[in-house]
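Visitor: I've got this one open on my screen. Can you walk me through it?
Guide: Sure, let's bring it up and start with a single residue.

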Amino acid sequence: MFCKNCGKDIPDNSMSCQNCGAPTNNQLDTGSNGWFLLGCCIPIAGLILYFVWKDQKPKTAKKCIIGFLTAIILTVIFYVVYFLLIMMGAAMMGI
Ligand SMILES: [Zn+2]
């Protein structure tokens, strides 16, 4: 890859540029689980951050979208279980 600051060719896995010392995407793109939790708690934020970061910070963006999808799946499961309980309750009451 190339340094965003000075344009020098640097190894793909380096944390900063050897030429000018500018931090690379590797340093910023930590893919922290905090972003996964954010996506779970505030799904819309996870979705927005995914589109903002998918090119510059692919690892972090992935955590955001996984958090978003987890929140969506949990919400769907919650409503399915809720619906089944209502149906069971109605059946038991002979409705
Ligand atoms: Zn540089």
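**Starting from one residue**

Guide: I77 is exposed, because just 10 other C-beta atoms lie within 10 Å of its own. Keep in mind that this is a predicted model.

Visitor: Which helix is I77 in?
Guide: I77 sits in helix 4.

Visitor: And how far is I77 from L28?
Guide: Their C-alpha atoms are separated by 34 Å, and the two residues are 49 apart along the chain.

Visitor: Now K59, buried or exposed?
Guide: In between: K59 counts as partly exposed because 15 other C-beta atoms lie within 10 Å. K59 belongs to helix 4 too.

Visitor: What does K59 touch?
Guide: D29 and G31, leaving out residues up to four places away in sequence. For K59 and G31 the C-alpha atoms are separated by 4.7 Å, with their positions 28 residues apart along the chain.

Visitor: OK, tell me about helix 4 itself. How many residues does it have?
Guide: Helix 4 has 35 residues, running over 58–92. From first C-alpha to last it reaches 50 Å, close to the 51 Å expected at 1.5 Å a residue.

Visitor: Which residues of helix 4 are buried?
Guide: T60, A61, K63, C64, G67 and F68 are buried there.

Visitor: What covers them?
Guide: The cover includes helix 2 (33–41) and helix 3 (43–53).

Visitor: Anything to note just after helix 4?
Guide: Yes, G94 takes a positive phi of about 75° there.

Visitor: Switching to helix 2. Which of its residues are buried?
Guide: W35, F36 and G39. These residues are on the same side of helix 2, because they cover an arc of only 105° around the axis.

Visitor: Why would residues a few places apart end up pointing the same way?
Guide: An α-helix has 3.6 residues a turn, so residues three or four places apart point the same way.

Visitor: What do the buried residues of helix 2 pack against?
Guide: They pack against helix 3 and helix 4.

Visitor: And what's on the face turned away from the buried side?
Guide: That face of helix 2 carries N33, G34 and C41, which are exposed.

Visitor: Let's zoom out. How many helices and strands are there?
Guide: The secondary structure comes to 4 helices and 0 strands. Read along the sequence, the pattern is α-α-α-α.

Visitor: What about overall dimensions? How far does the C-alpha trace span along its principal axes?
Guide: About 75 × 15 × 15 Å. The radius of gyration is 22 Å, whereas a compact globule of 95 residues would have one near 12 Å.

Visitor: How much of the chain is buried?
Guide: Buried residues make up 18% of the 95.

Visitor: And the contacts, what share is long in sequence?
Guide: Take the contacts with a separation of 6 or more: 43% of them join residues 24 or more positions apart.

Visitor: Last topic, domains. Where are the bounds?
Guide: The domain assignment gives domain 1 as 1–30 and domain 2 as 31–92. Their centres, taken over C-alpha atoms, are separated by 32 Å.

Visitor: How many residues are in contact between them?
Guide: 4 residues of domain 1 are in contact with 7 residues of domain 2. On the domain 1 side, the touching residues divide into 1 nonpolar, 2 polar and 1 charged.

Notes. Residues numbered from 1 in each chain as written. Predicted model: local features only at pLDDT ≥ 70, side-chain atom pairs only at ≥ 80, totals over all residues. Domains from an automatic or database assignment. Contact = placed C-beta atoms within 7 Å. Nonpolar A, V, L, I, M, F, W, Y, C, P; charged D, E, K, R; others polar. Helix = DSSP H or I, 4+ residues; strand = E, 2+ residues; numbered from the N terminus. Expected span 1.5 Å × (residues − 1). Buried ≥ 20, exposed ≤ 12 C-beta atoms within 10 Å, placed from the backbone. Rg over C-alpha atoms; globule rule 2.2 N^0.38 Å. Arc of directions from axis to C-beta.
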